[in-house]
Every structure is written in structure tokens, then in C-alpha cells.
Amino acid sequence: MATAAEQWVLVEMVQALYEAPAYHLILEGILILWIIRLLFSKTYKLQERSDLTIKEKEELIEEWQPEPLVPPISKDHPAFNYNIVSGPPSHKIVVNGKECINFASFNFLGLLDSPRVKAAALASLKKYGVGTCGPRGFYGTFDVHLDLEEHLAKFMKTEEAIIYSYGFSTIASAIPAYSKRGDIIFVDRAACFAIQKGLQASRSDIKLFNHNDVADLERLLKEQEVEDQKNPRKARVTRRFIVVEGLYMNTGSICPLPELVKLKYKYKARIFLEESLSFGVLGEHGRGVTEHYGISIDDIDLISASMENSLASIGGFCCGRSFVIDHQRLSGQGYCFSASLPPLLAAAAIEALNIMEENPDIFAVLKKKCEQIHKALQGISGLKVVGECFSPAFHLQLKDSTGSREADVKLLQEIINQCMNKSIALTQARYLEKEEKFLPPPSIRVVVTVEQTKEELERAASTIKEVAQAVLL
Amino acid sequence: MGYGIATLFGYFRDFLRNSGLEKCNAAVEREEQKHFVPLYQDFENFYKRNLYMRIRDNWSRSICSAPGPLFDVMERVSDDYNWTFRFTGNIIKDVINIGSYNFLGLADKYDESMRTVKEVLETYGTGVASTRQEMGTLDKHKELEDLLAKFLNVEAAMTFGMGFATNSTNIPVLVGKGCLIFSDELNHTSIVLGARLSGATIRTFKHNNMQCLENLLRDAIIYGQPRTHRAWKKILILVEGIYSMEGSIVNLPEIVALKKKYKAYLYIDEAHSIGSVGPTGRGVREYFGLNPEDIDVYMGTFTKSFGASGGYIAGKKDLVDYLRFNSHSAAYAVSMSPPVAEQIIRSLKLLMGLDGTTQGLQRLQQLVANTKYFRQTLKKMGFIIYGNDDSPVVPMLLYQPCKVAAFARHMLERKIGVVVVGFPATPLAEARARFCLSAVHTRQMLDTVLEAINELGDLLALKYSRQRKS
């Protein structure tokens, strides 16, 4: 039976052979010949595959010398000597043993010394202790946090606010929560370091435009539009963001928000506004750059600010529509994976907000003081004022640089030391020289607060003038 | 299988919502911006919309008292299946707190021992408003750093305002391009973020698996950088003292041996282990009895055992000096708030016995006793628990998402606050409940909790262990 089946199959095969078309047979023949050739040809030599012997591996491991964990630092690095403040960093500050008037802490509204704020923090300390012992998701949410978020949302007239426990992490966690690999972010060159870290963490395409140059931004947006038309499918899923600061920390200038809003609707990009310096400073009620320009807050997708400047607390917040903010409750890394803000600091911030709401005239007072010292500092020999006249934190840069950054820094430090001897506390604006993408020139940072009296401002201006003349000539 | 059914149901619900048959309660984009590219992709939010929303009430519960061993939880109801919440105004008082990281019980409402904190608050205020390098270094910070260096038995220490930021702003300072990082696969997000921001090459090794780490180390040194085969500039191993989701303690003696053999550097994040393991609370190094110089970079946070907030990095003086000039947070972020610094000083003094009492040691011993009792009893009852027997973080496996929700809700009804964790903090099928023991939990409280767990274990069929002893 088996042989019959075999034969039957054989017959079929032979028949198929006869019936197959000629090209088929030729192709099969060539293939068979090729296989036979490959099987019998000599294997050709690749480069000597170097499999290391065990002895060689041990030798490599022995020989390898790593760099030291940290390189040695030179002792005359300018940041080597920290200014040590004994006592509170208030209006009259004791720096390195000398009592001076404070022109260096970002205490714009003078709330660091406010007895009301301290009392609120004390009441919270009595009730809650200091720490929260957990992130927001795991019993770290206190009623004080919810209160503060509600307060902030109401104050800024947005739907929702979310608080973070550190100002630096606020914008650095907010940006990567929305913008991922493949999205495009247009950001100003003078953006502060926290924004730069947020951009780096997001892994998106970063496009920089010249500082406060709307035309340059429009050019970049137009280029992107052209790119989009080449690949509409990709364009439909690529999100675009424009990240700007209200008042720039590095240059003291204000961003041209009305034009940016126009560009936003024209090119369909979302705006993220970082208001650390302008919250509690600009605008009739201190609501920041949007109030200053009279723009509806709904036009800005996300406003992020730090509570460490005007609100005399620690931490930061983001506010905007619920649609945008709620996402951060699960995706903001600094929110989900970090302990929440200690309740005493949250209570201090709530009280500071209350004070801001009750005294809306302090903003006008602060503005006048800024303008006063701005005018007084014009025309100093050798130093130029960099920043808007209403910016409470501006820079004094050297008119003509000596050529080397180190020498510039030394000169400015000399000016600062002499000012400190005359009881005016100033500081240099500190940057990480190797890490910044666009390192601003060395400068002295001058900070104006509502607590400084007219006389003190005049004295400061004249002291700086004198010292600058003495040192720079 | 639970996830499979939930996923199918999720698709069904999405379909209903999209076709308008079911009301959609989620927030929506502005009318004017409807033509913008959507801010969120549908798929990213799928899990959030369909699974997380249904059991959302188990997280972000708000409390209105100090996070001590007993706390008050604000009652919260939802009228529309967890899309929005409403506080009823009732407060559930005296809920046993077995979820907050309060290992030594130092986070409690004000009492006389916190007098110095009150004084510092009244003198210094709450904020600092300047960075460390500018005008933000207070004498309090110096005092704290000196005390901390003494506590850890190292040359110097530096403190930062936030624990998360300590990792993410300092790891990039230590390593950069051309360096290699070995990171445990279960490391915390802050460590992963810091490693990513540094630009170095990252390779993960299996959790606490020394063999895997050794093989990777050998390969790295022998073959050098990929493609160019140049030698690596330095190798940094990132581990944690106690892993928060597993409760396991790092295998420190072996890692130190490996590090010495292959000349790598070791960075240990003692967020959970400082103040809670070791005979005098000095962390895993003391627990294993190693030399302080064996570990190159000590990092930790003050949130867990010290009842404050903030982080620190400690080690050799050269290292700390380098960080003072080059740390991102020293140059751009504000320093720690003075009353918080004072609270840490107070806690450190307590732990070191400098306040004249033996309270510190007593609390540690109580914590050890509580941990032992709790873990033993749970094992006897037949639950599967992860982690080292000495770690006060006790994860109990629940596996299925529905049980996660049921467990947490039932426990709250019995006035016990537990923490449950699911995806994405844990692998998809390994949801768990995590208990954090504290030195101030009394035996009575622990017994209440254990009884409740026992009952729920029978009710929800959670006793998976086959090694039941009773």
C-alpha cells in the first residue's frame, strides 16, 4: 500500500515536471546550482574577530582609571565665599557681621517681616507641626493646601491652581507634563535656568528666538508652517508651545505679551507664561503681566509663578483652566513624586495673598520706588542699568567689559564689597557658567522692595555712584 | 484578567461618550482653541479616564490635622462617580494613620519640645527670597549642615530646599556626557530625572541583583563607550537605601565590594532609610556596619523620619565644596526655610541624644519592635509581603485593581487610613497596599489594624500566601 502511494506521488511529480513552464525549470536549476556553490565555497575571512581572553579582560579592568568624582576647585572662585546672613533676611540685614540695608533679597512686598504672615504660620505650626510626611496623593493633602489653591485661583481669576513645594521645580515639572518628544517649543533666549531644565526634561524640539524679538519668533513660526505643509499628518499631532517669562530674571525686561497672543491665534501655539518676577508686582492688583497689559487671562494657557518672591513663602504654583491644570495632578513629576508643601508655609502664603488683596496700593508704591532708583542710577560712570524702569529686580552691568569674564566679576565684586562697607547689601547675579546656554554678562543685581524708604534709595544710588567711580576709574 | 475586562469596558464607555449617549464630565478645551492641536492624546488618557477615575477617591484624601499616628480625614463624596468631589464638611476623627512616612513620629502638632521652631519662625520669618549663592545662606543653614555632618559621620554636608530637587539638580553636576550611570530598575523618579538631565549613558540593572550589576560593570570597563570604545570617564552607581514600593533594603556590602573592585562611585539615596534603620538611626551604612568612607555620595531627605522637608547631600569636603559652587539649586533655587531648618536641627539633636534624653534611641527601638511584630503577624495570617524583614515600609500585595479600591474604602470605613498603589507606580499586575510603620504606633493601634486587615483578607480573598503558618 505504501509503495503504491509513493509511486503515485512520484508519477505526479514527474508529470508536474513535464508540465511546468520552461522558465520555471531554468530558475530552479540556477538556484540549486547556486546553493551547491555556496555550500562548497571557502568561507571568506573577516577581520580577526577579537574575543578577548579572560586574562586580557582582567588587565583592562585593572588598568582603567576613572576621573576623580569631582574636579578640584580653585580657591579664588568668586562663589567660594558665600555671604552668610546672621538672623532674618529682612529689610535691615546682617551680612558677614555687618548691618546693611537689604538690596539683594527678592522680598518685593516686604512680607518676610510681616507680623501677620508670621502669626498665620505660627497658628499653622501649632495645629499641623512642620512636615507633611507624604506626597499629595498619599495623605499629604491638607486643607491648607486646598485653601491656598482656591485662593490663588480666585485671585488670578482662573479656574484652578496647583501648588508645588519648590519654585524651581514648578516650571521644570510643568513643561514636561505637556510637551513630549516630537512636540515643538519656541522659547526666548534669555529664559531662566529652571525653564531650561524643564525644556531639557521634555525632550521636545526647542527653537530659540532672540530676546523679546517678535519678528524673529514670527519667522520661526512661519518656517514651521512651511514644514507642516510638507507633512500634514505629522503636523496634526505635533503640539506647539511658546514659553516666555513675564519679567525676565536675566534681563529685567518685560515680554511683549499682546503681540504674542496675536501670534498664538495665528499660528495655533499655546502660551506658557512664567511669572516669578511679575506676580505680585505688575498690574493694578498685582496679578502680573496679563493685568498690566489688560489681556484676558483665558488667552494664556498656563501661568506658572514662584511664591518665593512676592509671597514670602516657599514653593510655586501654576494656574489656568481646569482642562490644562488638572493634567499636572497625575503628570507633574514635582507634584506627584514629592512631599507636599509644609502647611506653615502654605498658611504664610495665604496670609500674604490676603494682605495683597487688602492693600492694592502697595503695587503703585513699589512701582514708584523702582522708577525712582532707576532714574537715580542712570549716568553712573562705567555701569549701565539693564531692565525696565518698573522692574523691581534689575541689573547693573559694566559699560565696557575688561575682556575677560573673570576680571569683570572681580571688579563687580570689589564694587559690592565697598558698598557693603557702606551698609548697602548687594549681590552679583549668580549663574552656572558652564551650564547656561546663553550666559548673561556679569552684573550686580539690585532689588527694590516696598520697605525701602526714599532716603535709603537715594543713599543707595549715591553710594553705588561713588564706589563705581572709585573702582572703575 | 481584571485589567482586560476593564479595558474592554473602557473602550465601550469611550464610544458611548463620543457618540453623545453618555454625558462627559471631563473638562474640555476652550471654544476658541478647538482648532489647535489637541493638548492630550486620546490614548495617553485612556487609563486615566476609564480606570483611574472610577477608583480615584482612594488617593489625594485630604486631612486636617497633623500627620501623626492618628489624624482627621475630611469626608469627601462624589455625586458623579468621582469626576468631581465635594467635601461634606464632616471630619472623620482619629483615623489610624498607617500611610504617612512618619517613621519616628516626629511630625506631630506643636508641643513644648518644638519651642525653638516657634522662636525661629518669629525671628526669621518663613521665607528666604534668595538663592544660596546670593543672599540666601543663613547662619541656620550653616548650623544645620555642621550638625548633619556630625550625625552622618562625614566631612561635610549641604542642604537643599526640596528632596526631589536635590536629586534632579545634583546628579547632573556629578556626571555628564561620557560618563556611565548604573541605576537600579526600581529607582525613584527623581533619581531617574537627574540621571536623564545629566546627559550620561544610563544602564539599569535588575533590582538588587548583584550578579547582573557585576556583569554590566565588567562589560562597561572592558568594552568602553559604545561604538568608539573609548574608556568611560567615570562610573556612578545609583541606588536607594530602602525602596519605597518594595520595602527592600539595598545589598550594600556587596555593592561596596563591587564598587571598590571596579573603581566606580556609589551614590545612595537614603530618603526612607535615614533615621529609620540602623541601631542609632544613621541609615543603611550603619545597619550593615560599614565604614563611612565606603560610600562616595550620601543623599537623603528630611521629609520622612525628621518631620520636615528638604534634602541633603553629604560626603567628603571636596565633594560638598564642589556642589556649593556648581549645584543647579545652589545658584538658581531658594534655600531652605528657617523654621523647617530648625525642625531638622531639633530632630537631629533628639536622635543624637544631644537634647539630654534618650528619646531618640527609644523611638528607634520602638520602631524596630513594631516592624518585627507587624511583619510577623501579617506573614502568619497568610498575606504576601515584599521587602526586607527590618524595613518599616511594608508592601502587601493585592494584585487586582478592584481589590485595591475595595481594600482602601473598607479600611477607611473602619477608620484606618492606608495607602494603596497601582499602575503606573507599580507594574501593571502588582497593585499593592503599602503600610508605613511608625515609632508612635501603640501595640493597640497595630492590633486594630491587623484585625481589620485579617477580616478584609477573608472578605476579599487576599490571603495569597501558601506559607501560612497558622
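Helices here are DSSP runs of H or I with at least four residues, and strands are E runs of at least two. The model is predicted.

Q: Over residues 99-464 of chain A, what percentage of the chain is helix?
A: UniProt places the feature "domain: Aminotransferase class I/classII large" at these residues of chain A, in an unreviewed entry. The end C-alpha atoms of the span are 17 Å apart. Strand makes up 17% of the span, and helix makes up 44%.

Q: How far apart do the end C-alpha atoms of residues 93-453 of chain B lie?
A: On chain B, the UniProt annotation "domain: Aminotransferase class I/classII large" (unreviewed entry) covers residues 93-453. This span is 42% helix and 17% strand. Its end C-alpha atoms lie apart by 20 Å.

Q: What is the area buried between chain A and chain B?
A: The contact takes 114 residues from chain A and 115 residues from chain B. Carbon and sulfur atoms give 65% of the buried area. The area itself is about 10300 Å².

Q: Which residue of chain A forms a salt bridge with Arg218(B)?
A: Between chain A and chain B the count is two salt bridges. In the one formed by Arg218(B), the closest N and O atoms are 2.9 Å apart. That lies within the 4 Å cut-off for a salt bridge. The partner of Arg218(B) is Glu58(A).

Q: Which helix of chain A gives the most to the side that touches chain B?
A: Polar contacts also link the chains, with 39 residue pairs at pLDDT 80 or more for both. On the chain A side, the top helix gives eight residues. It spans residues 115-128 and is helix H4.

Q: How many residues of the side of chain A that touches chain B are nonpolar?
A: The residues of this side divide into three groups. Polar residues number 25 and charged ones 28. The nonpolar count is 61.

Q: What is the bridge partner of Thr141(A) in S1(B)?
A: Strand S4 (residues 141-142) of chain A and strand S1 (residues 62-63) of chain B run parallel. Two bridges join them. In S1(B), Thr141(A) has as its partner Ser62(B).

Q: Why are Glu59(A) and Lys55(A) separated by about one helical turn?
A: The structure holds 43 salt bridges over all chains. One of them joins Glu59(A) to Lys55(A), the closest N and O atoms being 3.4 Å apart. The separation is about one helical turn because both residues sit in helix H3 (residues 54-63) of chain A, and their spacing there is four residues.

How values were computed
Residues numbered from 1 in each chain as written. Chains lettered and ligands numbered in written order. Predicted model: local features only at pLDDT ≥ 70, side-chain atom pairs only at ≥ 80, totals over all residues. Heavy atoms only, no water. Contact = heavy atoms within 4.5 Å. Buried area = accessible area lost by both parts, 1.4 Å probe. Salt bridge = Lys/Arg side-chain N within 4 Å of Asp/Glu carboxyl O. Polar contact = N/O pair within 3.5 Å; in protein donor to acceptor, adjacent residues only side chain to side chain. Nonpolar A, V, L, I, M, F, W, Y, C, P; charged D, E, K, R; others polar. Pairing = 2+ DSSP bridges. UniProt positions renumbered as here; feature names shortened; annotations may be inferred.
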